[in-house]
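Visitor: I should like to take a close look at the enclosed space inside this structure. Please describe what surrounds it and how the neighbouring elements are arranged.

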Amino acid sequence: MNFATQNLEDDHIYILRLIDVMESMTAHPAPEVADLEEAVELVKSYADGLHHAKEETLLFPLMAEHGFSSTQGPVAVMLHEHSFGRQYVKGIIENIRLLKDGDLSALNMVFANIHGYSELLQGHIYKENNMLFRMADNALSESDQQALFQQFEQLENEGEPNSTKGDFIARIARLEQTYHITNQII
């Protein structure tokens, strides 16, 4: 069984839900700045902090042990896209700061960065789910997958208060309710 890659695909479900919330915020006439900050903090803590950490510190190095390069090929592309996503997040954060300082035009740049991040992540997740993780499934043994899964679970549950995977999912669900995102699996 492909425990580890399935765990990452499960994360993707919630990350896509968060992206839906963020896109919904851009269609809202005046989203609360606190909600924008909450969403970007979830991106930093969950999508980048926890999920990408599982990939970058655990999965990708294990894939390297099985012959995958981190400087070229599919793993390198994923690492590059992680970095590119961080630039969008930085743009969101910087423009929220300007917005809070009274520059109302910064909201347009917040939205532009959200749209760019959303587009990037949707394609990125598709590539990971349908290509990279299938390559990992073929390369990693069942014992590799199980050991990796156990490491993932440890990371998910060792966070500070409000920083475990379950906490992140609950916070995403609250934002979905605020922005009337329905028909989601919880």
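Guide: The model shown here is predicted, and it holds 1 cavity of 30 Å³ or more. The volume of the largest cavity is about 40 Å³. As general background, empty space left among the atoms is revealed by rolling a probe the size of a water molecule over them.

The lining of the largest cavity is formed by His52, Glu81, His82, Gly85, Tyr117, Leu120, Leu121 and His124. By class, this lining comprises 3 nonpolar, 4 polar and 1 charged residues. Two helices, H3 (74-100) and H4 (106-139), each contribute at least two of the lining residues. Helix H4 provides the largest share, namely 4 residues.

Since H4 has this place in the lining, its packing against another helix may be considered next. Helix H1, which spans residues 3-27, has an axis that comes within 10 Å of the axis of H4, and the two cross at roughly 165 degrees. An angle over 145 degrees counts as roughly antiparallel, and H1 and H4 are therefore roughly antiparallel to each other. The crossing in which H1 passes H4 is left-handed. The contact of H1 with H4 has 13 nonpolar residues, together with 7 polar and 5 charged ones.

Charged pairs complete the account. Over the whole structure, a search finds 14 salt bridges. One of them joins Glu9 to Arg134, with the closest N and O atoms 2.6 Å apart. Because Glu9 lies in helix H1 and Arg134 in helix H4, this pair ties together parts that are 125 residues apart in sequence. Helix H4 thus appears in both settings: it supplies 4 residues to the lining of the largest cavity, and it holds Arg134, the partner of Glu9 in H1.

Terms used. Residues are numbered from 1 along each chain as its sequence is written. This is a predicted model: local features need pLDDT of at least 70, side-chain atom pairs count only at pLDDT 80 or more; totals for chains, interfaces and linings use all residues. Side-chain values use heavy atoms; hydrogens and water are left out. On a 1 Å grid over the protein atoms alone, a cavity is a set of points where a 1.4 Å probe fits but cannot get out, and a pocket is an open set with protein on both sides within 12 Å along at least five of seven lines; lining residues have an atom within 4 Å of a point. Grid points are joined across faces, edges and corners, and a volume is the space filled by probe spheres set on the points. Ala, Val, Leu, Ile, Met, Phe, Trp, Tyr, Cys and Pro count as nonpolar, Asp, Glu, Lys and Arg as charged, and the others, Gly among them, as polar. Axes are lines fitted to C-alpha atoms, for helices over the stretch in contact, and angles run from 0 to 180 degrees between N-to-C directions. Angles under 35 degrees count as roughly parallel, over 145 as roughly antiparallel, 65 to 115 as roughly perpendicular and the rest as oblique. A crossing is left-handed if the near helix is turned anticlockwise from the far one by less than a right angle, and right-handed if clockwise. A salt bridge is a side-chain nitrogen of Lys or Arg within 4 Å of a carboxyl oxygen of Asp or Glu.
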